[in-house]
Amino acid sequence: MKNINFYPKQYTKDQKIKLNHSYLIEQFSDYSKILKKVIKVIKKGDYTLGNEVDKFEATISKRMKCKHTIAVGNGTDALYLTLKAYGIGINDEVITTPFTFIATVGSIVTAGAKPVFVDIKEDYNIDETKISAAITKKTKAIMPVHWAGRPCELDKIFSIAKKHKLHVVQDSAHVIGARFKKKHLINFGDVCTYSMHPLKNLNVWGDGGFIITNKKSLAKKLYLLRNHGLQDRNNCKIFGYNSRLDTIQAVVANYKMRKKLDNITKKRIKNAKILDKFLSKNKNVVTVKRLKYLKEVFHLYHINVKKRDSLQKYLIKNNIDAKVHYPIPIHLQDAAKYLRYKKGDFPVAEKMANTSLSLPVHEFIGSRHIQHMVNSIEKFYKKK
């Protein structure tokens, strides 16, 4: 069978563009400092759920002002294990958005449940006014996705969930450091799940993720589920899974939290504000309306544009790594055919898939890069 690993070619292709979405080389240019700490792990030999993992969990709990942090193998597992901890599976339904990365919906399907989609608003987040109509007797949870670093309307979502006695599993992969009405997102429910993929705001040297909760019973079950259900070396309380954050990745995460995360967040917010200021003046570009009660952290910076595909090609030609996240909403993916959704079912999600464009916004971008992006977009539309 042919190897379908498309990542190596993508890495090579992306690195040829000067103003890149991917900043992997720069973000770990101080790798030697991290390697010194990795050597300690090697000498100690605690590669799996070692001391650095305990330190990571304690640091996250303090930073996020929550009681429990469960470090796991990746952000997808964080979602999946949470669903399993809630007992959600076959014959159950979970309401979510069709405008997200495939992992959100994949976690629901892998748990054995059925994803039920609700359209989004023009800020890319789930339309909370449409959730109630999608609830059935089989609905067990709502999985809002805080897309691109912008929190969803949590008070409204939790009001619906409370009325119908539903769990809320927050897909928080993009929003570490974000706030809703000046509060950490965990203040609005029992659980948030996070990813530490290399391109996330808090990132490691591979895959990693974590779950935070204030609910002791949920945390207890999640600690078991991530490590085969083992209470200790010889006693298995429940049959679980293998999704443990590697100690070496915990070393990286601890270093990034201590040395870099706050600066990363501040720089992304600063860059996004400057982009908003200039791009909002262009009649061919629609920027997202910013709300004072939201602290966005800009894992992605989205705009909606006319002639999207042509503009993307033009920007790439001019060494700007403009990307589309994502051109095919989940309900129109081949994998979702069995759900029997069709084109037109979620018009806003489909519109955004056809018109949205992501511009680099990360911490290695300076004012001259932003000016280059803005000028290039203006030149494109003048030519048209």
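**Strands, cores and hollow spaces**

Modeller: In this predicted model, strand β2 (residues 93–96) and strand β4 (residues 139–142) pair in the parallel sense over three bridges.

Biologist: Why is it said that β2 and β4 pair?

Modeller: Two strands pair if there are at least two bridges between them, and β2 and β4 share three bridges, so the condition is met. Within this arrangement, I95 stands opposite I142 in β4.

Biologist: How do you know that β4 and strand β5 (residues 167–171) pair?

Modeller: The count for β4 and β5 is two bridges, in the parallel sense, and since at least two are required, they qualify. In β5, H167 is the bridge partner of A141.

Biologist: What makes β1 and β8 a pair, and in which sense do they run?

Modeller: Five bridges join β1 to β8, set against the requirement of at least two, and the two strands run antiparallel. H68, for its part, has T213 as its bridge partner in β8.

Biologist: Why is strand β1 (residues 68–72) described as mostly covered?

Modeller: A residue counts as buried when its relative accessible area is under 20%, and five of the five residues in β1 are buried. The covering applies to both faces, with H68, I70 and V72 buried on one side and T69 and A71 buried on the other.

Biologist: Why is Y326 called partly exposed?

Modeller: Its relative accessible area is 30%, and partly exposed is the class between buried, under 20%, and exposed, over 50%, so Y326 is placed there. This residue sits in the loop between α12 and α13 (347–355).

Biologist: What does Y326 touch, leaving aside residues up to four places away in sequence?

Modeller: Its contacts, which need heavy atoms within 4.5 Å, are with F99, T100, F101, W147 and A353. The chain also brings Y326 and I102 to a C-alpha separation of 9.8 Å, although they are 224 residues apart along the chain.

Biologist: Where do F101 and Y326 lie in relation to the largest pocket?

Modeller: The largest pocket is lined by 46 residues, and F101 and Y326, together with H197, L199 and H325, lie nearest its centre. Its volume is about 1,400 Å³, and α1 gives the largest share of its lining, five residues. By class the lining holds 22 nonpolar, 16 polar and eight charged residues.

Biologist: What makes the second largest pocket's lining up, by class?

Modeller: Its lining has five nonpolar, no polar and eight charged residues. The space in this pocket comes to about 300 Å³, and of the 13 residues that line it, L291, K292, L294, K295 and E296 are the closest to its centre.

Biologist: How many cavities of 30 Å³ or more does the structure hold?

Modeller: There are three. A cavity is a space where a 1.4 Å probe fits but cannot get out, whereas a pocket is open. The largest cavity has a volume of about 60 Å³, and among the residues lining it are D123, W147, R290, E296 and H302.

Biologist: How do you know which residues are polar in the lining of the second largest cavity?

Modeller: This cavity, of about 40 Å³, is lined by M64, V175, G177, A178, H184, L185, I186, Y194 and I212. The lining has seven nonpolar, two polar and no charged residues, and since residues that are neither nonpolar nor charged by type count as polar, Gly among them, G177 and H184 are the two.

Biologist: What makes a set of residues a nonpolar core?

Modeller: The members must be buried residues of nonpolar types, joined through side-chain atoms within 4.5 Å. In soluble globular proteins, nonpolar side chains tend to be buried together. The largest nonpolar core here has 50 residues, of which F56, I131, F210 and I212 touch the most other members. α10 (247–259) is one of the elements giving two or more residues to this core, and α10 gives the most, with six. Apart from this core lies another, of 26 residues, among them Y301, I320, L357 and I365.

Biologist: Which residues does I212 touch, not counting those up to four places away in sequence?

Modeller: I212 touches I60, M64, C66, H68, T69, I186, D190, V191, C192 and Y194. Of these contacts, H68 and T69 belong to the buried residues of β1, while M64, I186 and Y194 join I212 in lining the second largest cavity.

How values were computed:
Residues are numbered from 1 along each chain as its sequence is written. This is a predicted model: local features need pLDDT of at least 70, side-chain atom pairs count only at pLDDT 80 or more; totals for chains, interfaces and linings use all residues. Side-chain values use heavy atoms; hydrogens and water are left out. On a 1 Å grid over the protein atoms alone, a cavity is a set of points where a 1.4 Å probe fits but cannot get out, and a pocket is an open set with protein on both sides within 12 Å along at least five of seven lines; lining residues have an atom within 4 Å of a point. Grid points are joined across faces, edges and corners, and a volume is the space filled by probe spheres set on the points. Helices (H or I, at least four residues) and strands (E, at least two) are DSSP runs, numbered from the N terminus. Buried means under 20% relative accessible area, exposed over 50%, partly exposed in between (1.4 Å probe, protein chains only).
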